[in-house]
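Q: I would like a close look at one part of this model, with a little of its surroundings for context. Could you take me through it?

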Amino acid sequence: MTTNVSPHIPYIKKCLSLAEQSPPRPTNFRVGALLLSRQDNDPIFADDRILSTGYTMELAGNTHAEQCCFSNYAAVHKVADDQISTILPAEAGRKLIMYVTMEPCGKRLSGNAPCAQRIARTTEGGREGVHKVYFGVKEPKTFVGESEGCRMMTEAGIEWEHVSGLEREILSVAFAGHENGEEEVRAALGEKGTNVDDISPEERRRQEEAPRNPKKRMMEGEISLY
């Protein structure tokens, strides 16, 4: 029996391992990203060159994975983050590819530049910039409603592709730190919640006896806008 496993899965797994390094927070998705240079017409990716990696909150502030990935590359080349497009490699016969566990965000409540916009900016001034983005799941509606990242990338002329197969693993890592993380994972996967009629008497009694604290607050310093 043969299975059609996407050749991009190993890179999505690399991004997932990066996401696991991100601190769990109730106001963020834990995401991992990597940027690489790929030779044209190389179906087995034999000559891929990883340029940079990043994960949510790797750097100071409420930083996203793609943002950290670009910032890390800019730091190595000693340029400001907003100058990233000027130092990204543009080699004949090669293209820049980004892998990320989750669709790049198209909107941020914090007012920071969305990741899809940061990716689009790499092509400013006629530069080649990032050619294509591969991601493992669409951005859930948790923080900003309907996702806009794919639309923004399409409008900027950047190709994108959803790599299926690791959705549950990616979402489980992304939602770690959320109070109702398991429910959010099921909702994002389109699964129904637990039927109350299926709960055993013991579990029902345990839930009824569990302490409730309606005034529960997040620890100081952990509150940050997505």
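Which residues line the second largest cavity?

A: Happy to walk you through it, keeping in mind that this is a predicted model. The lining of the second largest cavity is made up of S37, P89, A90, E91, R94, K95, L96, E128 and G129. Strand β3, residues 94-102, gives the largest share of that lining, with three residues. Sorted by class, the lining has four charged, three nonpolar and two polar residues. The space inside comes to about 50 Å³, and the cavity belongs to a count of two that reach 30 Å³ or more.

From here we can follow the strands outward, beginning with the nonpolar core. Strand β3 is among the elements that give two or more residues to the largest nonpolar core, and so are β1 and β4, along with the helices α1 (9-19), α2, α4 (115-121), α5 and α6 (167-174). This core has 46 residues, and the members that touch the most others are M98, Y99, I119 and V133. As a general background, nonpolar side chains in soluble globular proteins tend to be buried together. V133 gives a good view of the packing: setting aside neighbours within four places in sequence, V133 is in contact with M98, V100, P104, I119, M153, I158, E159, W160 and E161.

Next come the loops. S147 sits in the loop between β4 (130-137) and α5 (149-155). Beyond its neighbours within four places in sequence, S147 is in contact with E103, K138 and E139. The C-alpha atom of S147 is also 6.4 Å from that of G106, although 41 residues separate the two along the chain.

Two other loops deserve a look for their backbone angles. Most residues other than glycine have a negative phi. N41, in the loop between β1 (32-39) and β2 (49-55), has a positive phi of about 55 degrees although it is not a glycine. K78, in the loop between α2 (65-76) and α3 (84-87), likewise has a positive phi, near 60 degrees. Are these two residues buried or exposed? N41 counts as exposed because its relative accessibility is 79%, and K78 counts as exposed because its relative accessibility is 76%; the cut-off for exposed is over 50%.

Conventions
Residues are numbered from 1 along each chain as its sequence is written. This is a predicted model: local features need pLDDT of at least 70, side-chain atom pairs count only at pLDDT 80 or more; totals for chains, interfaces and linings use all residues. Side-chain values use heavy atoms; hydrogens and water are left out. Helices (H or I, at least four residues) and strands (E, at least two) are DSSP runs, numbered from the N terminus. Buried means under 20% relative accessible area, exposed over 50%, partly exposed in between (1.4 Å probe, protein chains only). On a 1 Å grid over the protein atoms alone, a cavity is a set of points where a 1.4 Å probe fits but cannot get out, and a pocket is an open set with protein on both sides within 12 Å along at least five of seven lines; lining residues have an atom within 4 Å of a point. Grid points are joined across faces, edges and corners, and a volume is the space filled by probe spheres set on the points. Ala, Val, Leu, Ile, Met, Phe, Trp, Tyr, Cys and Pro count as nonpolar, Asp, Glu, Lys and Arg as charged, and the others, Gly among them, as polar. Contact means heavy atoms within 4.5 Å. A nonpolar core is a set of buried Ala, Val, Leu, Ile, Met, Phe, Trp, Tyr and Cys residues joined through side-chain atoms within 4.5 Å.
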